[in-house]
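Thanks for asking me to look at this one with you. Open the viewer next to these notes and follow along point by point.

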Amino acid sequence: MTQSFAAAMQAFAPRLPLAVAFSGGADSTALLLACAQRWPGQVHAFHVHHGLQAAADDFERHCVALCARLQLPLTVCRVDARHASGQSPEDAARQARYKAFEAAAIENKAQIAIQTIALAQHADDQIETLLLALSRGAGVAGLAAMPAQWQRGGLHWCRPLLGVAGGDVRAWLRARGEHWVEDPTNADVRYTRNRIRHHLLPALQQVFPQFRDTFARSCTHAAQADELLQELAVADLAAVGQPPRIALLRALSHARQANVLRHWLRSEHGTTPSAAQLGALLRQIAACTTRGHRIHLKVGSGHVVREGESLGWYNQPVLDFISARDGGAPKQSSQ
């Protein structure tokens, strides 16, 4: 259920000391102020300077001034958030932020042993994430949207405002006469997330006034389903072996084959297949009834091949490097 800002903060029970990811925007400003008020002397601010726009220096100056006024320790992390070919700018910036937060927690360990990092995404951000996942035809993992809490790098990560509407966060700030900085890109409707925020959310509010609650409930159902699928995948991977044996894979249902192969590729090789790539791999496994049947498919960031009675995976650039180092000709991939 949607909560008030005050109720969400009252329910928030992090492990202390706590760091707040502080951009200088409304959401992170409200979260930082509320945490500092509730746990004086136990709160640290982490600000990431992405260097992607001219306003970044102004964001930093604002954060420095606010933390000085509140007498809060602030760590500024400068990152290279430029995206690689084929990677979305938003994803590149997000990954750079998380790595910077982890590094900042480690660097500050001698002064304050950060236990939890709090992020300020709210209910509207969650709905935007869900709608983006739907637009991509995502599975249950994508439809689960953003988790409220998880562990990574020895830290506890929390999003205490996921049940709070964005307007309520700003109303809480205005009632206290606090100011924040506006990211100029938030109004740029060339970005899909901004078009959702400015066009779709107001329409949903008119047609389905309770959409934040009902959509969030769907995210919870998807998260539970994804957890069950992960448990099944772990059990199935233990049964088919690592690397997976083709005959044992073929004994599973089509859906369980897909589930365990996704898990194998993600957990063992750090890659995620597209729906088309996974479909092609499943068809090859179904056709693999003779010893001479060859499997060699581009999947995720590498290739899945048949190695005897099992599946193997390799990354072509790594293989080329090894071959060149050993004086051989690079092996050509095929589909």
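The points below cover one helix and one sheet, with the helices that pack on that sheet.

1. Before you start, keep in mind that this is a predicted model.

2. Let's begin with helix α2, which you will find at residues 26–38. This helix has 13 residues, and the distance from its first C-alpha to its last is 18 Å. That is close to the 18 Å expected at 1.5 Å a residue.

3. Is α2 mostly covered or mostly uncovered? The helix is mostly covered, with eleven of its 13 residues buried. Try colouring them in your viewer: A26, D27, S28, T29, A30, L31, L32, L33, A34, C35 and A36 are the buried ones. "Buried" here stands for under 20% relative accessible area.

4. Now move along to the sheet. Three strands form an open sheet in the order β7-β8-β9, and their pairing is antiparallel. At the edges sit β7 (296–299) and β9 (310–314), each pairing on one side only. On average, neighbouring strands here are turned by 30 degrees against each other, direction ignored.

5. Look at one pair up close. Strand β8 (residues 302–307) joins β7 through four bridges in the antiparallel sense. To see a bridge for yourself, find L297, whose partner in β8 is V304.

6. Which helices pack on this sheet? One is α11 (residues 254–269), which touches β7, β8 and β9 and whose direction makes about 45 degrees with that of β9. Another is α12 (residues 275–287), which also touches β7, β8 and β9; the direction of α12 makes about 160 degrees with that of β7.

Definitions and conventions: Residues numbered from 1 in each chain as written. Predicted model: local features only at pLDDT ≥ 70, side-chain atom pairs only at ≥ 80, totals over all residues. Heavy atoms only, no water. Helix = DSSP H or I, 4+ residues; strand = E, 2+ residues; numbered from the N terminus. Expected span 1.5 Å × (residues − 1). Buried < 20%, exposed > 50% of the residue type's maximum accessible area, 1.4 Å probe, protein only. Pairing = 2+ DSSP bridges. Axes fitted to C-alpha atoms, helices over the stretch in contact; angles between N-to-C directions. Contact = heavy atoms within 4.5 Å.
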